[in-house]
Amino acid sequence: MKDETVGKEIIDENADRFISNMYGLPSQYHKDGTFPVFLLKKAGKTDFFKEQCESVIEIDGLNSVENCRKDYFTLVNKEGFHINENTKYLSFDLTNFSKESSAKKVQIIEDESVIKLNAYVQLKFSNIYIDHSINKAFIVLEENVFTKGRYGGKVDIYFFTKKKDKWIFDKKLMLLTA
């Protein structure tokens, strides 16, 4: 099975998990018990590790950017992976999103500029990696919450293991919160 197909399968089968783990919007933004959630169509379009570390302010002699990357790689590699700055992550378009109960209100968008709301949650699947030699995968999910000019959110990494012919959720770690 192609890695892209496996990545889509993991995302679709765990859609309810991804949605239920969101911080979400404060209750005053809920409309009929729901709030707008937008999912970027291009999964893996960005490399969270690279972008996050390049945003770190370099302080003379501390190698902050390099240390940031090493910290992320060490964290992931503790789970049996062997990633580094040369690792290629998956990238593909999401054509649908699970019809699970909590995922029904998620809209897949191509371009963030089409969002005309002042309060919403944006989800972005960043680093997606599958290692068939160890039957493991991970996905970095960025959740950005926008409310009246305020910005917040979190970044989680989800780990999966292949057992028989099924990718099973192992654990989630929070990488960043704002």
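## Salt bridges and a one-sided helix

Lys8 is partly exposed, with a relative accessible area of 28%. This residue belongs to a predicted model, in which nine salt bridges are found. The points below begin with helix H1, where Lys8 lies, and then turn to pairs that join other parts of the chain, with attention to how buried or exposed each partner is.

**Helix H1 and its buried face**

- Helix H1 covers residues 3–13, and Val6, Gly7, Ile10 and Ile11 are its buried residues.
- When one looks down the axis of H1, these buried residues fall within an arc of 130°, and so they line one face of the helix.
- As background, an α-helix has 3.6 residues a turn, so residues three or four places apart point the same way.

**A salt bridge within helix H1**

- Lys8 pairs with Glu4 in a salt bridge, in which the closest N and O atoms are 3.3 Å apart.
- Both residues of this pair, Lys8 and Glu4, sit in helix H1 and are four residues apart, which is about one turn of the helix.
- Glu4 has a relative accessibility of 32% and therefore counts as partly exposed, and Lys8, at 28%, is partly exposed as well.

**A salt bridge between distant parts of the chain**

- Glu79 and Lys171 meet through their side chains in a salt bridge, with a distance of 2.8 Å from N to O.
- This pair links distant parts of the chain, since Glu79 is in the loop between helix H4 (64–77) and strand E3 (92–93), while Lys171 is in strand E8 (residues 166–177), 92 residues apart.
- Glu79 has a relative accessible area of 18% and is buried, because the cut-off for buried is under 20%, whereas Lys171, at 31% relative accessibility, counts as partly exposed.

**A salt bridge between two strands**

- Lys124 and Glu142 form a salt bridge in which the closest N and O atoms are 3.9 Å apart.
- Lys124 lies in strand E5 (residues 119–131) and Glu142 in strand E6 (residues 136–147), so this salt bridge ties together parts that are 18 residues apart in sequence.
- Both partners are buried: Lys124 has a relative accessibility of 15%, and Glu142 has a relative accessible area of 8%.

**A network of charged residues**

- Lys154, Asp156 and Lys172 are linked to one another in a network of salt bridges.
- In general terms, side chains of opposite charge can pair when their charged atoms come close.

Methods: Residues numbered from 1 in each chain as written. Predicted model: local features only at pLDDT ≥ 70, side-chain atom pairs only at ≥ 80, totals over all residues. Heavy atoms only, no water. Buried < 20%, exposed > 50% of the residue type's maximum accessible area, 1.4 Å probe, protein only. Arc of directions from axis to C-beta. Salt bridge = Lys/Arg side-chain N within 4 Å of Asp/Glu carboxyl O.
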